[in-house]
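Please open your viewer and keep the sequence panel beside it. We will go from stop to stop, selecting a few residues each time.

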Amino acid sequence: MSSGEFQRYLKPAIRGYAQMHIRAGDVEPKHALRRAKADYAHLLPKGLASAGHHLFTITLADGGKRIGMAWFEIKQRHGKRKAFIFDFAIDKAQRGKGLGTRAMSLIEQQAKVLGALAVDLHVFGHNTAARGLYEKCGYRYMGMQMSKDLY
């Protein structure tokens, strides 16, 4: 990902992350944007140069058209060198064409090259499309938090 692409990515990504937390009900709406900004600032204190973090623009091979993005970190977790995917997106117009599956495979290959033995990620429960993609790619649930409103 280039510096310009990162700058174009950041603001809408933070807003989208805040909205995901609101939809999940794990943060009050009035605090969501502040929390999202703080999380991004903590994780990417030096932007693209943040140690261990890798951000990519996903493009079509036949012309370089941008169709999405991926962001993961490589570090030791629970005694194992792992990649953790913080963000992954395929543009809505490009979904349902197998491109997400192919992009996930490329992320996994890159993580291997960087020494990862496994890839972890978090997905919000209401994001059924993403859950379906990750299940199709062989990811398994490590736990699941559930909630039911009583009003």
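The tour below begins with the sheet, moves on to the salt bridges and ends at the surface.

**Before you start**

This is a predicted model: local features need pLDDT of at least 70, side-chain atom pairs count only at pLDDT 80 or more, and totals for chains, interfaces and linings use all residues. Residues are numbered from 1 along each chain as its sequence is written, and side-chain values use heavy atoms, with hydrogens and water left out.

**Stop 1: the sheet**

Switch to a cartoon view and look for the 4 strands that form an open sheet, in the order β1-β2-β3-β4 with mixed pairing. Strands here are DSSP runs (E, at least two residues), as are helices (H or I, at least four), numbered from the N terminus; two strands pair if DSSP finds at least two bridges between them. Which strands stand at the edges? They are β1 (53-59) and β4, each with a single partner strand, so one side of each is left without a neighbour in the sheet. From one strand to the next, the twist averages 30 degrees (axes are lines fitted to C-alpha atoms, for helices over the stretch in contact, and angles run from 0 to 180 degrees between N-to-C directions).

Now select 53-59 and 66-77. β1 and β2 pair in the antiparallel sense over 7 bridges, and Leu55 has Trp71 in β2 as its bridge partner.

**Stop 2: from β3 to β4**

Next, select Ile85 and Leu121; Leu121, in β4, is the bridge partner of Ile85. The pairing of β3 and β4 is parallel and covers 4 bridges. Follow the chain from β3 through α3 to β4 and you trace a right-handed β-α-β crossover (with the strands pointing away from the viewer, the path from the first strand over the helix to the second runs clockwise).

On the way, pause at Gly115 in the loop between α3 (99-113) and β4. Gly115 is partly exposed at 30% relative accessibility (buried means under 20% relative accessible area, exposed over 50%, partly exposed in between, with a 1.4 Å probe and protein chains only). If you draw a distance from the C-alpha atom of Gly115 to that of Lys30, 85 residues apart along the chain, you will get 40 Å.

**Stop 3: the salt bridges**

How many salt bridges does a search of the whole structure find? There are 4, counting a side-chain nitrogen of Lys or Arg within 4 Å of a carboxyl oxygen of Asp or Glu.

- Show Lys82 and Asp120, whose side chains meet at 3.2 Å, N to O. Lys82 lies in strand β3 (residues 80-90) and Asp120 in strand β4 (residues 118-121), so the pair ties together parts that are 38 residues apart in sequence. Lys82 is buried at 13%, whereas Asp120 is partly exposed at 24%.
- Show Glu73 and Arg77, with their closest N and O atoms 3.2 Å apart. Glu73 is buried at 10%, and Arg77 is buried at 15%.
- Show Arg35 and Asp39, where the closest N and O atoms are 3.7 Å apart. These two are separated by about one helical turn because they sit 4 residues apart in helix α2 (residues 29-43). Asp39 is partly exposed at 22%, and Arg35 is partly exposed at 32%.

**Stop 4: a nonpolar patch**

Finally, turn on the surface and select Tyr141, Met144 and Met146, a nonpolar patch with about 380 Å² of accessible area together. Accessible areas come from the Shrake-Rupley method with a 1.4 Å probe, and for residues only the protein chains shown count as cover. Patches are made of residues with over 30% relative accessible area and no salt bridge, joining like charges within 9 Å and nonpolar side chains (Val, Leu, Ile, Met, Phe, Trp, Tyr) within 5 Å. Met146 is in the segment after α4 (128-136) and is exposed at 70% relative accessibility.
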